[in-house]
Amino acid sequence: MKKMLLIPFSLLITLISAAQTSTEEDLASIETPEQIEHFLEAKDSKKNKLVTFNEEKHKTKLTKSLFKLGLGGTKTNENEFDKTYYKVVDKTSKTYYRAAYIFLDGNKYDAVNIKALRERIIKKYRNGASFDFLARQYSMDSNAKKGGDLGWFTNGDMHADFEKEIINGDHQINDIFTIDIPSKKWYYVVLKTHEPKAISEIEVLKIVEPKD
């Protein structure tokens, strides 16, 4: 009887072992976007996803270790309940830009008042007021509390007219200038705060599975 019980128990151990290695084997074979898509469909869980990490924005211990991996590199993390697999499926470098702005809403001010207000803001800046202070005082956008800082952005993140002036305009660091988007009634006073910067990004396939 004991011998009979040992057979199914041994089989169970083999199956558990196979299940533990199958995800790692599957990840090792994934290379193309189509394979990634099919793999995620088969796993069918919101925890499983493609995640893009930016070296400037994401500075956790995990992301730092992922950036050290080569293309196709993998990493596994475990906690009491889950086992999480990471595979780097793409590595790129994009040019990012950075500025600060004061937003004036054309739905609340007419053109004459906006013109006068922008002239006042620019005059105060040139007379020594910090842009951070002016943004907190005048900007009608939620990032006023950040001093108008836009953070790093890349082509396609912002409105095309806004991007065009910052990316292609002949502006130097600490230059102050205006941008109008009349179709939206958006009016800006903008400060160029940084030179363009190439920032590395990685696309990571993340798979979370419960521990047995």
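Two strands are said to pair if DSSP finds at least two bridges between them, and with that in mind we can begin at strand S2 (residues 74–78), which pairs with strand S3 in the antiparallel sense over five bridges. The model shown above is a predicted one, and what follows describes that prediction step by step, starting from the whole chain and then returning to the strands.

The protein chain contains six helices and seven strands, and when it is read along the sequence these elements follow the pattern α-α-β-α-β-β-α-α-β-α-β-β-β. As for its overall form, a compact globule of 212 residues would have a radius of gyration near 17 Å, whereas the protein chain has 26 Å. The dimensions can also be given along the principal axes, where the C-alpha trace spans about 95 × 30 × 30 Å.

It is useful to ask next how much of the chain is covered and what the surface consists of. Of the 212 residues, 36% count as buried, and the chain exposes about 13,500 Å², of which carbon and sulfur atoms supply 52%. The protein chain carries 34 positive and 32 negative side chains, and the centres of these two sets lie 6 Å apart. If we consider contacts between residues at least 6 apart in sequence, 65% of them join residues at least 24 apart.

We can now return to S3, a strand that covers residues 82–105 and is mostly covered itself, since 18 of its 24 residues are buried. A hairpin joins S2 to S3 through three residues, and in this pairing Glu 78 stands opposite Lys 83 in S3. S3 also pairs with strand S7 (residues 197–210), to which 14 bridges join it in an antiparallel arrangement; here Val 88 stands opposite Val 204 in S7. Another partner is S4, which runs antiparallel to S3 and is joined to it by four bridges, with Tyr 97 standing opposite Phe 153 in S4. S3 and S6 pair in the antiparallel sense as well, over seven bridges, and two positions help to locate this pairing in the picture: Ala 100 stands opposite Leu 191 in S6, while Leu 104 stands opposite Tyr 187 in S6. When you follow any of these strands by eye, it helps to remember that in a regular strand the side chains alternate between the two faces of the sheet.

Strand S6, which spans residues 186–192, deserves a closer look. Is S6 largely enclosed by the rest of the structure or left open? Six of the seven residues of S6 are buried, and therefore the strand is largely enclosed by the rest of the structure. Besides its pairing with S3, S6 pairs with S5 in the antiparallel sense over six bridges, and Ile 181 stands opposite Trp 186 in S6.

S5 and S6 form a hairpin with four residues between the strands, and within it Lys 185 takes a positive phi near 60 degrees, although Lys 185 is not a glycine. Lys 185 counts as partly exposed, because its relative accessibility is 40% and the partly exposed class lies between under 20% for buried and over 50% for exposed. A second residue with a positive phi is Asn 174, where the angle is about 75 degrees although this residue, too, is not a glycine. Asn 174 is found in the loop between helix H6 (160–168) and strand S5 (176–181), and with a relative accessible area of 45% it is partly exposed.

The last stop is Trp 152, which lies in strand S4 (residues 149–154). Is Trp 152 buried or exposed? Its relative accessible area is 11%, so Trp 152 is buried, given that buried means under 20% relative accessible area. Leaving aside neighbours within four places in sequence, Trp 152 is in contact with residues from several parts of the chain, among them Glu 56, Lys 57, Tyr 96, Tyr 97, Arg 98, His 194 and Ile 199. Tyr 97 has already appeared above as the residue of S3 that stands opposite Phe 153 in S4. A separation in sequence can also go together with a separation in space, as Trp 152 and Gly 73 show: they are 79 residues apart in sequence and 27 Å apart in space, C-alpha to C-alpha.

Note on methods: Residues are numbered from 1 along each chain as its sequence is written. This is a predicted model: local features need pLDDT of at least 70, side-chain atom pairs count only at pLDDT 80 or more; totals for chains, interfaces and linings use all residues. Side-chain values use heavy atoms; hydrogens and water are left out. The radius of gyration is taken over C-alpha atoms; the globule rule is 2.2 Å times the number of residues to the power 0.38. Buried means under 20% relative accessible area, exposed over 50%, partly exposed in between (1.4 Å probe, protein chains only). Contact means heavy atoms within 4.5 Å. Accessible areas come from the Shrake-Rupley method with a 1.4 Å probe; for residues, only the protein chains shown count as cover. Lys and Arg count as positive and Asp and Glu as negative; His and the chain ends are not counted. The place of a charge is taken as NZ of Lys, CZ of Arg, CG of Asp or CD of Glu.
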